[in-house]
Structures are given as structure tokens and as C-alpha cells.
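This report walks through one structure step by step, beginning with the idea of a contact and moving from a loop to the packing of helices and rings. Please keep the sequence and the model in view while reading.

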Amino acid sequence: MASAVYPDGGWRRAFWYVQRRLQRLPDTPEKIGRGVWAGVFTTFTPFYGLHFVIAALIARLMRGNILAALMATFFGNPLTYLPIAAASLGFGRWIFGLGPHQDPHSIGTKFMNAGKDLTHNLLALFSPAKPDWHGLAIFYDDIFLPYLIGGLVPGAISATLCYFLVVPVLRAQQNRRRKRLRAKLERLALPKSGDGEAGNSD
């Protein structure tokens with residue numbers, strides 16, 4: 001739990017690690033960028049626990065790099081999930097004309113009631129109890145659907161910004177790596193001075 005909130009080495013080291021991994025992916029900058037787009041966009045959806053799966057599916061549809069998509073879901077972390085949720089849910093409630101939540105505790109209550117309904121309805125499959133969808137219906141109307149629709153616009157904007165930031169950086173780094181490799185190969189291909197003198201004496 002502690003590592004999820006504050007990873008070993010700190011968030012700066014974690015971001016640096018993801019950046020280095022993206023740089024070393026054996027793919028074109030554009031394809032990696034499309035993967036990053038898919039991963040960042042997914043973090044604005046309410047499908048917590050399924051972000052890896054959704055990011056991979058979107059990346060595949062976009063012909064992006066799936067590994068880059070999985071790493072880009074790191075955009076959603078304990079430091080960013082609160083502003084992401086606030087932006088997505090607030091924008092979605094505005095679209096549906098629901099107005100902002102006045103009491104933040106009511107959001108947690110709706111989550112809890114939805115969870116209780118899920119548990120109760122699962123048990124009802126094996127008992128005489130009757131299913132109750134009241135808490136889930138409120139959660140869907142007030143939280144899930146506004147979050148889902150509201151996250152589309154900020155998610156697309158953030159993902160597109162990340163794409164245009166990542167692609168030129170990756171292209172420059174890949175070009176630099178090719179130049180270094182080409183220079184190394186040229187040095188290896190040059191004949192040694194001793195070999196040239198030996199050839200002349202023969």
C-alpha cells in the first residue's frame with residue numbers, strides 16, 4: 001500500500017524509469033506516441049482495475065505500441081487521480097445539468113452503496129433474498145455515467161498534448177542513438193595504422 005502511494009525511490013525516479021523505458025522501445029516515434037495517447041486517455045475513464053486492458057485495446061485499434069500504452073497508464077497515479085476524477089466528474093455533471101457535488105462525502109457514500117448492492121445481489125443468486133439495484137442506479141446516474149462522458153474531452157486533450165510532446169522527443173533521441181551507432185561502426189571499420197604499414201611493406 002505504501003509503495004502504491006509513494007514508490008521506492010520516489011515519484012521522480014519512477015517517472016524517470018518510465019521515460020527511459022519509452023525511449024528504448026524498438027518502434028517508430030509515431031507508433032509509440034499512439035500508444036502513449038491510448039494509455040493517457042484511459043486514465044480519464046472510470047474503469048479502475050481495467051485500465052491496462054482498455055489501454056491495450058485502444059492502442060491495438062490505433063495501431064499503437066501496446067507496451068507504451070501500458071506504461072502511459074502511469075499518468076494516472078495517486079498524485080493525479082484526484083484532479084483527473086474531479087475534472088472528469090465535474091465536466092460530466094455539467095454536461096448532464098446535474099451541478100457540482102456539494103458534499104464530497106456523498107460520493108464515497110454512493111460508492112459504498114453501489115458496492116453493498118453488488119454484494120447483496122450476488123448473494124441473492126444463491127438465497128431467497130430479492131435483488132436491490134437502488135444504490136447501483138444512483139451511482140450509475142450520479143457518478144459513473146457523468147464520469148465516463150465527462151472524461152472524454154479532458155482525456156482526449158491530455159492524451160493529444162502528451163502525443164505531441166513525446167513524438168519529437170523520441171524522434172530526436174532515436175536519431176541521436178543512430179548517429180552514435182553509425183559512428184561506432186565506422187570506427188570499428190577503419191583499419192589500424194599498424195595493419196596499413198604491414199600491408200605496404202609486403
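Two residues are said to be in contact when heavy atoms of theirs lie within 4.5 Å. The model discussed here is predicted, and the contacts described below are to be read with that in mind.

**A loop and helix 8**

With that meaning of contact, L148 touches P46 and F47, leaving aside residues up to four places away in sequence. L148 itself belongs to helix 8, and although L148 and F47 are 101 residues apart along the chain, their C-alpha atoms are separated by 8.6 Å. Is L148 buried, partly exposed or exposed? Buried means under 20% relative accessible area and exposed means over 50%, so L148, with a relative accessible area of 23%, is partly exposed.

T45 sits in the loop between helix 3 (29-42) and helix 4 (51-61). With a relative accessible area of 8%, T45 is buried, and its side chain reaches the backbone oxygen of T42 at 2.7 Å. When residues up to four places away in sequence are not counted, T45 touches H51 and Y147.

**Helices that pack together**

Helix 8 (residues 134-150) and helix 9 (residues 152-189) pack at an angle of about 35 degrees, and their axes are 5 Å apart. In this contact, L148, I149 and G150 of helix 8 meet L152, V153 and P154 of helix 9. These residues divide into 5 nonpolar, 1 polar and no charged.

Helix 4 has as its buried residues H51, I54, A55, A56, I58 and A59, and what covers them includes helix 3, helix 5 (66-72) and helix 6 (81-95). Just after helix 4, R63 takes a positive phi of about 60 degrees.

**Aromatic rings**

How many aromatic pairs does a search of the whole structure find? The search finds 8 aromatic pairs, and two of them are set out here.

| Pair | Arrangement | Centre to centre | Angle between planes |
|---|---|---|---|
| W37 and F41 | stacked | 5.0 Å | 15 degrees |
| Y48 and Y81 | edge-to-face | 5.3 Å | 75 degrees |

The pair of Y48 and Y81 links distant parts of the chain, with Y48 in the loop between helix 3 and helix 4, Y81 in helix 6, and their positions 33 residues apart. Y48 is partly exposed, with a relative accessible area of 40%, and Y81 also counts as partly exposed, at 25% relative accessibility.

W37 and F41, in turn, are both buried. Because W37 and F41 are 4 residues apart in helix 3, they are separated by about one helical turn. Elsewhere among the rings, F47, Y140 and F144 are linked by ring pairs into a cluster; F47 has already appeared as a residue that L148 touches.

**The nonpolar core**

The largest nonpolar core has 30 residues, and those with the most contacts inside it are L22, I32, V36 and V40. The elements that give two or more residues to this core are helix 3, helix 4, helix 5, helix 6, helix 8 and helix 9. Which residues does V36 touch, not counting residues up to four places away in sequence? V36 touches L22, A68, A69, A72, C162 and V166, and L22 is itself named among the residues with the most contacts inside the core.

Notes. Residues are numbered from 1 along each chain as its sequence is written. This is a predicted model: local features need pLDDT of at least 70, side-chain atom pairs count only at pLDDT 80 or more; totals for chains, interfaces and linings use all residues. Side-chain values use heavy atoms; hydrogens and water are left out. Axes are lines fitted to C-alpha atoms, for helices over the stretch in contact, and angles run from 0 to 180 degrees between N-to-C directions. Ala, Val, Leu, Ile, Met, Phe, Trp, Tyr, Cys and Pro count as nonpolar, Asp, Glu, Lys and Arg as charged, and the others, Gly among them, as polar. Buried means under 20% relative accessible area, exposed over 50%, partly exposed in between (1.4 Å probe, protein chains only). A polar contact is a pair of N or O atoms within 3.5 Å; within protein, one must be able to donate a hydrogen and the other to accept it, and residues adjacent in sequence count only if both atoms are side-chain atoms. Rings of Phe, Tyr and Trp (its six-membered ring) pair if their centres lie within 6.5 Å; planes under 30 degrees apart count as stacked, over 60 as edge-to-face and the rest as tilted. A nonpolar core is a set of buried Ala, Val, Leu, Ile, Met, Phe, Trp, Tyr and Cys residues joined through side-chain atoms within 4.5 Å.
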